[in-house]
Amino acid sequence: MQGKLQKIGVIGQSDVVLAFRTLGMQVAATKTPQEAARAVHKFVTGGIHIIFITEDVARSIPETLSKFNDNPDVSLIPIPAASGTDGFGMQRLNANVERAIGANILLNNTEE
């Protein structure tokens, strides 16, 4: 795969994803969990294996996230929605790190 550019997709509300189109990414504006799940499958079957998905939309399609969770060729990466983050993306990152190396090495200290 060296030397070949990877396509990147973004799934979420239209006010969030449309800005990514100007960067050359494939976007899917979704309103329902069904639309979001279809968009993920369409991207993956179309060769887009790096997919940013807004946290609120990602929370609404847990079955789809689980389906691709163990597939090393597909990365579903939660990003904050227009309203900000709810911590879902960091929770998934922590879980993936812990699963990969057997311990959570990321700092979870929220106190300052």
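This is a short talk about the fold of one protein chain, its sheet, one of its helices and two of its residues.

Hi everyone, thanks for coming. Please keep in mind throughout that we are looking at a predicted model.

Let's begin with the whole chain. There are 112 residues, and 33% of them are buried. The secondary structure amounts to 5 helices and 4 strands, and if you walk along the sequence you meet them as β-α-β-α-β-α-α-β-α. Taking the contacts with a separation of 6 or more, 58% are between residues 24 or more positions apart. As for the surface, about 7400 Å² is accessible, and carbon and sulfur atoms hold 55% of that.

Now to the sheet. In what order do the strands stand? The order is β2-β1-β3-β4, in an open sheet of 4 strands with parallel pairing. The edges belong to β2 and β4; each has a single partner strand, so one side of each lacks a neighbour in the sheet. From one strand to the next, the twist averages 20°. If you zoom in on β1 and β2, you will find 4 bridges joining them in the parallel sense. One residue to look for there is G9, whose bridge partner in β2 is Q26. Helix α1, residues 14-21, packs on this sheet and touches β1, β2, β3 and β4, with its direction at about 165° to that of β2. Helix α2 also packs on the sheet, touching β1, β2, β3 and β4, and its direction makes about 175° with that of β1.

That brings me to α2 itself, which I'd like to spend a little time on. This helix covers residues 33-45, so to speak 13 residues in all, and from first C-alpha to last it reaches 18 Å, close to the 18 Å expected at 1.5 Å a residue. Which residues of α2 are buried? They are A36, A37, A39, V40, F43 and V44. These residues sit on the same side of α2, because the arc they cover around the axis is only 160°. The general background is that an α-helix has 3.6 residues a turn, so residues three or four places apart point the same way. What do the buried residues of α2 pack against? Their partners are the strands β1 (8-12), β2 (26-29), β3 (50-54) and β4 (75-79), together with the helices α3 (55-59) and α4 (62-69). Turn the helix round, and the face away from the buried side shows the exposed residues R38, K42 and T45. After α2 comes G47, which has a positive phi, near 90°.

I'll finish with two single residues, starting with T30. You will find T30 in the loop between β2 and α2. Is T30 buried or exposed? T30 is buried, because its relative accessible area is 7%, and the cut-off for buried is under 20%. Leaving out residues up to four places away in sequence, T30 touches I11, G12, Q13, E35, A36, A39 and V57. Two of those names, A36 and A39, you have just heard among the buried residues of α2.

The other residue is S75, in strand β4. With a relative accessible area of 32%, S75 counts as partly exposed. Setting aside neighbours within four places in sequence, S75 is in contact with H49, I50 and I51. Take H49 as an example: S75 and H49 lie 26 residues apart in sequence, while their C-alpha atoms are 6.0 Å apart in space.

That's my tour, and I'm happy to go back to any part of it.

Note on methods: Residues numbered from 1 in each chain as written. Predicted model: local features only at pLDDT ≥ 70, side-chain atom pairs only at ≥ 80, totals over all residues. Heavy atoms only, no water. Helix = DSSP H or I, 4+ residues; strand = E, 2+ residues; numbered from the N terminus. Expected span 1.5 Å × (residues − 1). Buried < 20%, exposed > 50% of the residue type's maximum accessible area, 1.4 Å probe, protein only. Arc of directions from axis to C-beta. Contact = heavy atoms within 4.5 Å. Pairing = 2+ DSSP bridges. Axes fitted to C-alpha atoms, helices over the stretch in contact; angles between N-to-C directions. Areas by Shrake-Rupley, 256 points an atom, 1.4 Å probe, with all protein chains shown as cover.
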